[in-house]
Amino acid sequence: MLVSVYLMVGQKALFTTIRLYGAQSLLLGVVAATIAFSENRHELFVTAALTVALKAVLIPWFLMRMIDRIGIHREIEPFLNVPASLLVSLALTVVGYRVSTGFPEGVRGVSHHLIGVALSMLLIGLFLMVTRKKAITQILALLTVENAVFLVAVGVTSGMPLVVELGMSFDVMLAVVILGILATLVAPAILG
């Protein structure tokens, strides 16, 4: 999942960035299913299925359709160039892993690495929101931050009730639709 975030940082083609987000979400669903199977937490299978259906399929499809309507297929030059952005992302990964070592000994092992990856994804997602100029890329960065939070919620805690997971999924879908509508309405005014 961390590699997909690095690839998103280095990518300028919006279709590829959306596909990378879809792959990241698919991996999140696989992580949830693996945890469900290994720890005998069957409620996580529903979470994994919702994650794959909504985040790996439906949201990327909607965003690709929106990009076709707008007619913008490339990110214009970000505030930082790609090599500098990758170096900052590497530094943020080090910070994320360094912070994750400060947690108590009970969270060592898989959870320690999971927290390190999630914190790194969260920091890189926030970095992408600040340094990218296109609304679509900022939406994808926000969704990456949400994936990082979801990764911690699935991997470290004992799980969320299904009602909370459904509410979060609805909130994410609603946010993407509203941001998509705003990007579609604002793009013609800027381009035209």
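So, Thr93: you'll find Thr93 in helix α4. And remember as we go that this is a predicted model. Is Thr93 buried or exposed? Its relative accessibility is 10%, and the cut-off for buried is under 20%, so Thr93 counts as buried. What does Thr93 touch, once we leave aside its neighbours within four places in sequence? The answer is Leu2, Tyr6, Ser120 and Ile124.

Okay, let's zoom out to the helix around Thr93. Helix α4 covers residues 82-100, which makes 19 residues. At 1.5 Å a residue the helix should span 27 Å, and its end C-alpha atoms are 27 Å apart, so the two agree. Now, which residues of α4 are buried? They are Val82, Ser85, Ser89, Leu92, Thr93, Gly96 and Ser100. These residues cover an arc of only 110° around the axis, and therefore they sit on the same side of α4. If that spacing looks odd to you, here's the background: an α-helix has 3.6 residues a turn, so residues three or four places apart point the same way.

Flip to the face of α4 turned away from that buried side, and you meet the exposed residues Pro83, Leu87, Val94 and Arg98. One more thing on this helix, at its N-terminal end: Asn81 acts as the cap there. A side-chain oxygen of Asn81 lies 3.1 Å from the backbone nitrogen of Ala84.

Right, the whole chain. How many helices and how many strands are there in the chain? Seven helices and zero strands. Reading from the N terminus on, the elements go α-α-α-α-α-α-α, which is easy to write on the board. The chain has 192 residues, and 44% of them count as buried. As for the surface, the chain exposes about 9500 Å², with carbon and sulfur atoms supplying 75% of that.

Next, contacts along the sequence. Take the contacts in the chain with a separation of 6 or more: residues 24 or more positions apart account for 75% of them. Let me give you two pairs to look at on the screen. Met66 is found in helix α3, and its relative accessible area is 3%, so Met66 is buried. Met66 and Val177 are 111 residues apart in sequence, but their C-alpha atoms are 9.8 Å apart in space. The other pair starts from Ile139 in helix α6. Ile139 has a relative accessible area of 4%, so that one is buried too. Its partner here is Ala175, 36 residues away in sequence and 9.0 Å away in space, C-alpha to C-alpha.

That brings us to the inside. The largest nonpolar core has 43 residues. Which of them touch the most other members? Ile18, Ile59, Leu63, Met121, Leu140, Leu143 and Leu151. The elements giving two or more residues to this core are α1 (2-9), α2 (14-38), α3 (43-70), α5 (110-131), α6 (135-155) and α7 (162-191). Pick Leu140 from that group: leaving aside neighbours within four places in sequence, Leu140 is in contact with Met8, Thr17, Ile18, Tyr21 and Leu63.

Last stop, helix α2. It has 25 residues and reaches 36 Å from its first C-alpha to its last, close to the 36 Å expected at 1.5 Å a residue. After α2 comes Asn40, and the phi of Asn40 is positive, near 55°. Okay, over to you.

How values were computed: Residues are numbered from 1 along each chain as its sequence is written. This is a predicted model: local features need pLDDT of at least 70, side-chain atom pairs count only at pLDDT 80 or more; totals for chains, interfaces and linings use all residues. Side-chain values use heavy atoms; hydrogens and water are left out. Helices (H or I, at least four residues) and strands (E, at least two) are DSSP runs, numbered from the N terminus. The expected span of a helix is 1.5 Å times one less than its number of residues. Buried means under 20% relative accessible area, exposed over 50%, partly exposed in between (1.4 Å probe, protein chains only). The arc is that of the directions from the helix axis to the C-beta atoms. A polar contact is a pair of N or O atoms within 3.5 Å; within protein, one must be able to donate a hydrogen and the other to accept it, and residues adjacent in sequence count only if both atoms are side-chain atoms. A nonpolar core is a set of buried Ala, Val, Leu, Ile, Met, Phe, Trp, Tyr and Cys residues joined through side-chain atoms within 4.5 Å. Contact means heavy atoms within 4.5 Å. Accessible areas come from the Shrake-Rupley method with a 1.4 Å probe; for residues, only the protein chains shown count as cover.
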